[in-house]
Amino acid sequence: MNQFTSVHDAGNINALVEKALMYKANPLKDKTLGAGKRIGLLFLNPSLRTRLSTQVAAGNLGMDAIVFNVDKEGWALEFEEGAIMSGSTVEHIKDAAPVLGNYFDILCIRTFPSLKNRDDDYSELYITQFIKYCGVPVISLESATLHPLQSLTDVITIKEVISRQPPAIRRPKIVLTWAPHVKPLPQCVANSFAQWINAWGEADFVITHPQDYELKEAFTKGATITHNQDEALKDADFVYVKNWSTYNDYGKIYENDPEWMLTEDKLKLTNNAKVMHCLPVRRNVELSDEVLDSANSIVTQQAANRVWAAQAVISEILKSNK
Ligand code: CP
């Protein structure tokens, strides 16, 4: 593995999940694999889980991890080729990225979309420019359209739950449901979850959202899509709750009907489903207290598994670049 920016870099998903679960069982198994190597974690946006889980994972592999909050502490970066830099940007990515590539053996980058211009966001200009100019393997810590470490974690968590249940559930029904929110959010987590569940191929996958919240078809193709949330939830084994803004009329909130919030009453439609969310979550907006605090919620287990997803990916990259 030379980079990790989408499911297309994952290779065999089940093998990567097994590797992550192996690290969960034995975190320090490869504690010298990354000895003498450094990983840079560059944040152009806030984070709790991604930042800390990746640091822990790198430490488990013997690497030094350095976090750089580019948005707050770095020079304002320019990403456009040929830009005349007479405005607010101070340093071109062409100049900054190769320097970072000299300091680090692996670079990890979080860069959210603007939600202003769909073509710009979906071109993935920022992470693509880092990859082009830094000269070392790049791991996405969430880019403009995808969040692959989160999605790998999600598959790990689903497989972990399934493995602890009676063998009857071997092809689970997984529902991704839109939820209300107070502000427009990126489509990254939903795009990425859809991409990974479709690629994994071991579930009946349903996506439900209000009208006009269609995600990009390249990510959802293969899933059943319905605007009827109750119908979607019927007999679900896993319900993944997430808000996203509109894709077609880009970056808008069209409706925020609180009826879309997942409640205990709605959970009764499911097969006692496990409830997932990538966090952070707006309580009693996206998900009710009663659901989040119930035994159905596996959001903490899910967030904890972020370490093992990151460790499996870093390990694969270290082994490929020995
Ligand atoms: N799920 C997730 O990426 O969390 P953070 O934004 O806190 O990193």
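In the predicted model, residues 190–315 are 35% helix and 13% strand, and the C-alpha atoms at the two ends of this stretch are 26 Å apart. The UniProt record, an unreviewed entry, assigns the domain feature "Aspartate/ornithine carbamoyltransferase Asp/Orn-binding" to residues 190–315.

An open sheet is formed by four strands, arranged in the order 2-1-5-6 with parallel pairing. Strand 2 (64–68) and strand 6 (138–140) occupy the edges of the sheet; each has a single partner strand, so one side of each is left without a neighbour. From one strand to the next, the twist averages 20°. At one edge of the sheet, strand 6 pairs with strand 5 (residues 106–110) in the parallel sense, and three bridges join the two. Within this pairing, Ile 109 has Ser 140 of strand 6 as its bridge partner.

The ligand is surrounded by residues from several parts of the sequence numbering: Ser 47, Leu 48, Arg 49 and Thr 50 are among them, as are Glu 142 and Gln 150, together with Cys 278, Leu 279 and Pro 280. When sorted by class, this shell comprises four nonpolar, three polar and two charged residues. Two domains contribute to the shell: domain 1, which covers 3–146 + 305–320, and domain 2, which covers 149–303. Because both domains give residues to the shell, the ligand lies between them.

Technical notes: Residues are numbered from 1 along each chain as its sequence is written. This is a predicted model: local features need pLDDT of at least 70, side-chain atom pairs count only at pLDDT 80 or more; totals for chains, interfaces and linings use all residues. UniProt positions are given in the numbering used here, feature names are shortened, and annotations may be inferred rather than shown by experiment. Two strands pair if DSSP finds at least two bridges between them. Axes are lines fitted to C-alpha atoms, for helices over the stretch in contact, and angles run from 0 to 180 degrees between N-to-C directions. A residue is near a molecule or strand if its C-beta atom, placed from the backbone, lies within 6 Å of it. Ala, Val, Leu, Ile, Met, Phe, Trp, Tyr, Cys and Pro count as nonpolar, Asp, Glu, Lys and Arg as charged, and the others, Gly among them, as polar. Domain bounds come from an automatic or database domain assignment.
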